[in-house]
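I opened this model to look up how its helices pack and what its nonpolar cores are made of. My notes follow in the order in which I went through them.

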Amino acid sequence: MFNVPEPYGDDVANFRIVKKVEHAIRNTVRTRRHRHPVIHISTYLLDRPTTVKTLIAACRRGVQVRVILDEDIESRPSRKLITALNADNVSGPRDDPRAGKCNRPLPPSHGGLRVEPGATEDTQLEVFTPREAYRSVEAPKRDSVTWGRDGSYVKRCNGSCRGKGGNMHSKFYLFSRTKSTHHMVMVSSSNLNRGGAELGWNDMYVVKGRRTLYRGFKAMHRLMTDDVRAGGDKVQVKSGPYIARFFPMRNASKATDPTLRDLKKIRCRSAFGRTQIHISMFYWKGKRGSYLLDKIADLARNGCEVRIVYGAPSRLLAERMRNLARRHVIDLWDSRWDYNDDGWSEVRTHAKYVLVKGTVGTDRRAYRVWTGSQNWVAGSLSRSDETTLNVGLRSAYRSYLNNWDAIRDHSRRLPYSMYR
């Protein structure tokens with residue numbers, strides 16, 4: 001699934017990914033056979049009021065809603081969600097909650113509700129300060145009493161949840177069961193925010209019914225909730241044509257970088273002829289960005305057809321890529337456009353994926369999609385919470401290639417010449 005940002009798409013096209021997540025939230029309900037449905041969310045940004053209202057409504061109909069945000073999240077919608085899901089959370093079994101399930105009023109006899117005189121169930125969501133709301137559940141522990149009776153919470157990580165420094169940058173959405181399916185996993189480059197819909201090209205891949213994959217993501221969400229620090233080994237879950245990987249990898253280096261290892265499996269002669277590589281990459285810089293570009297350039301020189309659309313590369317790497325394009329080693333496009341001449345790009349690709357058609361390892365007829373939240377920078381590998389998903393399906397490749405073509409068609413071919 002892909003969105004189309006402004007000014008190329010209408011509201012429906014802009015918010016296609018976000019509304020797909022909201023649709024799944026609305027369709028997660030309690031049933032006689034599924035009495036304890038759970039939604040797990042990990043998103044860097046969350047400023048969309050509709051998403052927050054949908055999550056609070058899910059909590060109030062008995063769904064357990066567990067959300068992880070980056071610590072720098074600061075918006076009225078996110079504060080409202082923190083208050084609503086954390087208001088009944090306590091630090092011990094004898095402590096008084098400040099409100100009931102999903103921030104509903106407590107009975108007058110309880111005495112634990114802190115609300116201003118005359119506040120209603122709706123207005124009390126705005127009563128507590130962000131500090132008061134966050135204090136109720138700074139870090140849920142293994143004892144579920146800290147989640148409150150509704151089983152829901154919002155956790156903001158200090159930097160990354162499992163790394164040293166960095167950010168909580170993963171974007172995945174899990175649903176134990178919706179009306180139409182079970183064990184649903186959504187992996188995206190998009191946050192649940194307006195900017196992700198209107199300002200950038202984004203993608204989301206949805207996997208249904210893969211219990212092993214779902215349980216792997218669920219387990220990682222819990223590790224992130226509990227601030228369990230990452231080790232140095234690669235953490236991944238395989239299920240059929242899917243490989244999910246979770247970062248950070250502590251002390252990771254060029255020698256252990258899973259992305260570089262994937263690229264090293266590519267050979268430029270295949271049953272289709274020359275292997276084709278299409279890349280859409282948002283943030284691309286530094287030492288890691290440099291050695292990944294080295295490998296991409298090496299593949300191009302060895303006969304692979306390499307086409308790149310970039311969104312926010314460093315000046316150094318952008319110049320290197322333009323030089324490669326000038327020498328006809330790669331084909332290159334810049335997705336950034338500044339439509340009002342204010343020095344800020346109103347639109348660019350925010351997707352972070354690689355598409356391969358050709359030889360990968362021993363498979364000379366491979367179709368591969370490598371996507372997720374991870375940019376090609378060092379912090380995304382060794383410090384920040386990130387998620388990637390490798391997909392080995394021709395159908396996925398074709399869908400992503402169509403999306404890549406759409407981004408390319410709205411981008412500027414490089415090297416740029418005013419006389420072309």
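Entry 1, a first helix pair. Working on a predicted model, I began with α9 and α10, whose axes come within 11 Å and cross at roughly 10°. Since an angle under 35 degrees counts as roughly parallel, that makes α9 roughly parallel to α10. I then listed the residues in contact: on the α9 side they are Gly 286, Gly 289, Ser 290, Leu 293, Asp 294, Ala 297 and Arg 301, and they meet Leu 317, Arg 320, Met 321 and Leu 324 of α10. Sorted by class, this contact has five nonpolar, three polar and three charged residues.

Entry 2, a second helix pair. For α3 and helix α4 (residues 76-86) I noted a packing angle of about 10°, with the axes 9 Å apart, and these two helices are therefore also entered as roughly parallel to each other. From α3, Pro 49, Val 52, Leu 55, Ile 56 and Cys 59 take part, meeting Pro 77, Lys 80, Leu 81, Ala 84 and Leu 85 from α4. Here the contact divides into nine nonpolar residues, no polar ones and one charged residue.

Entry 3, the cores. Which residues have the most contacts inside the largest nonpolar core? I found Ile 266, Ile 279, Trp 284, Ile 308, Met 321 and Ile 330, in a core of 38 residues. At least two residues each are supplied by α8 (258-264), β13 (276-284), α9 (286-301), β14 (305-313), α10 (315-326), β17 (353-360) and β18 (363-372), and the largest share, seven residues, comes from α9. I followed Ile 279 further and, leaving aside its neighbours within four places in sequence, found it in contact with Trp 284, Ile 296, Arg 307, Ile 308, Val 309, Tyr 353, Val 354, Trp 376 and Trp 404. Apart from the largest core lies another, of 37 residues, which includes Ile 68, Trp 201, Tyr 397 and Ile 407.

Entry 4, the buried side of a helix. In helix α2 (residues 16-26) I recorded Ile 17, Val 18, Val 21, Glu 22, Ala 24 and Ile 25 as the buried residues. Why do I place them on the same side of α2? They cover an arc of only 160° around the axis, and that puts them there. Among the elements covering these buried residues I noted β1 (38-43), α3 (49-60), β4 (172-177), β5 (182-188) and β7 (204-207); α3 is also the helix that packs with α4.

Definitions and conventions
Residues are numbered from 1 along each chain as its sequence is written. This is a predicted model: local features need pLDDT of at least 70, side-chain atom pairs count only at pLDDT 80 or more; totals for chains, interfaces and linings use all residues. Side-chain values use heavy atoms; hydrogens and water are left out. Buried means under 20% relative accessible area, exposed over 50%, partly exposed in between (1.4 Å probe, protein chains only). The arc is that of the directions from the helix axis to the C-beta atoms. Contact means heavy atoms within 4.5 Å. A nonpolar core is a set of buried Ala, Val, Leu, Ile, Met, Phe, Trp, Tyr and Cys residues joined through side-chain atoms within 4.5 Å. Axes are lines fitted to C-alpha atoms, for helices over the stretch in contact, and angles run from 0 to 180 degrees between N-to-C directions. Angles under 35 degrees count as roughly parallel, over 145 as roughly antiparallel, 65 to 115 as roughly perpendicular and the rest as oblique. Ala, Val, Leu, Ile, Met, Phe, Trp, Tyr, Cys and Pro count as nonpolar, Asp, Glu, Lys and Arg as charged, and the others, Gly among them, as polar.
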